[in-house]
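Student: I've got this model open and I'd like to learn how to read it. Could you walk me through it, feature by feature?

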Amino acid sequence: MAHHTSQELSPLSIAVLTVSDTRSLETDTSGQSLVDRLAEAGHQLAQRAIVKDDIYHIRAVCSGWIADDGVQVILITGGTGFTDRDSTPEAMLPLFDKQVEGFGELFRHLSLRHIGTSTIQSRAIAGLANHTLIFCLPGSTNACKTAWDEIIKYQLDSRQGPCNFVPHLKKANRAACASRG
């Protein structure tokens, strides 16, 4: 059972990338939802960008953030479906040092109650690259809300027990996951 420990929150530096051929900062409700939620949770927005749904544009932005010591987490919204243009998983999988297998499974499980069996069309994934945690989410604002509210916010909370991802990130306190008592 998950619980809060007594330590203080370690604010993280989080970048948000929207993958879209049509959205702008003014119309990007999914990206804005993630920005609002990370701020409400006590984290800091490191950078925000919108790129067209192209493997190499996605990789270029994310590779820069992965190499940037000031970015600990990347949240990507868009490009995880099955249209010909959806290429976020193909862009990101080669960059991962480790894939977080359970994220996509848990996300689809939680989404089932919201969108029914259409959840099987989500190719949401997550992984670690250079001690940067990366979540690739659908472009739907509701999907981003589900992912953040029910999974991501807990995994980015240094107080969350028995374990969270914070000890595995750049500039993180690696003692937070030392014991699962």
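Tutor: Let's begin with two helices: α1 and α5 are roughly parallel to each other, because their axes cross at an angle of roughly 25° and angles under 35 degrees count as roughly parallel, over 145 as roughly antiparallel, 65 to 115 as roughly perpendicular and the rest as oblique. Before you lean on any of this, note that the model is predicted, so local features need pLDDT of at least 70 and side-chain atom pairs count only at pLDDT 80 or more, while totals for chains, interfaces and linings use all residues. Residues are numbered from 1 along each chain as its sequence is written, and side-chain values use heavy atoms, with hydrogens and water left out.

Student: What do the labels such as α1 and α5 stand for?

Tutor: They are DSSP runs numbered from the N terminus: helices are H or I, at least four residues, and strands are E, at least two.

Student: Within what distance do the axes of α1 and α5 come?

Tutor: Two packed helices are described by the angle between their axes and the distance between the axes. Here the axes of α1 and α5 come within 8 Å. An axis is a line fitted to C-alpha atoms, for helices over the stretch in contact, and angles run from 0 to 180 degrees between N-to-C directions. The crossing of α1 and α5 is right-handed; that means the near helix is turned clockwise from the far one by less than a right angle, while anticlockwise would be left-handed. On the α1 side the contact (heavy atoms within 4.5 Å) uses Thr29, Ser30, Ser33, Leu34, Arg37 and Leu38. From α5 come Thr141, Cys144, Lys145, Trp148 and Asp149.

Student: Now the sheet. What is the order of its six strands?

Tutor: Strands of a sheet pair through backbone hydrogen bonds, either parallel or antiparallel. In this model the open sheet runs β3-β2-β4-β7-β6-β5, and its pairing is mixed. Two strands pair if DSSP finds at least two bridges between them. At the edges sit β3 (44–51) and β5 (98–99), each pairing on one side only. Helix α4 packs on the sheet and touches β5, β6 and β7, with its direction at about 30° to that of β7.

Student: Which strands are the partners of β7?

Tutor: On one hand there is β4, parallel to β7 over five bridges. Look for Val73 opposite Leu133 and Ile74 opposite Ile134. On the other hand there is β6, antiparallel to β7 and joined by five bridges, where Ile125 stands opposite Cys136.

Student: Is β7 mostly covered or mostly open?

Tutor: Mostly covered, with six of its six residues buried. Buried means under 20% relative accessible area, exposed over 50%, and partly exposed in between (1.4 Å probe, protein chains only). One face of β7 shows Thr132, Ile134 and Cys136, the other Leu133, Phe135 and Leu137.

Student: How many residues are in the largest nonpolar core?

Tutor: A nonpolar core is a set of buried Ala, Val, Leu, Ile, Met, Phe, Trp, Tyr and Cys residues joined through side-chain atoms within 4.5 Å. The largest one here has 28 residues, and those with the most contacts inside it include Val73, Phe103, Leu133, Phe135 and Ile152. Elements giving two or more residues to this core include β2, α1, β4, α4 and β7. Its largest share, six residues, comes from α5. Apart from it lies another core, of 19 residues, including Ala15, Trp65, Val71 and Phe96.

Student: What does Val73 touch?

Tutor: Leaving aside residues up to four places away in sequence, the list includes Ile14, Ala15, Leu133, Phe135, Leu156 and Leu169.

Student: Any backbone oddities I should look up?

Tutor: Start at the β6–β7 hairpin, which has two residues between its strands. Asn130 has a positive phi of about 50° although it is not a glycine, and His131, also not a glycine, has one of about 60°. Both count as partly exposed, Asn130 at 36% relative accessibility and His131 at 42%. Next, go to the segment after β8 (160–161), where you'll find Pro162. The peptide bond from Gly161 to Pro162 is cis, with omega near 10°.

Student: And which helix holds Glu90?

Tutor: Glu90 sits in α3 (residues 88–92). Not counting residues up to four places away in sequence, Glu90 touches Ile55, Arg59 and Arg123.
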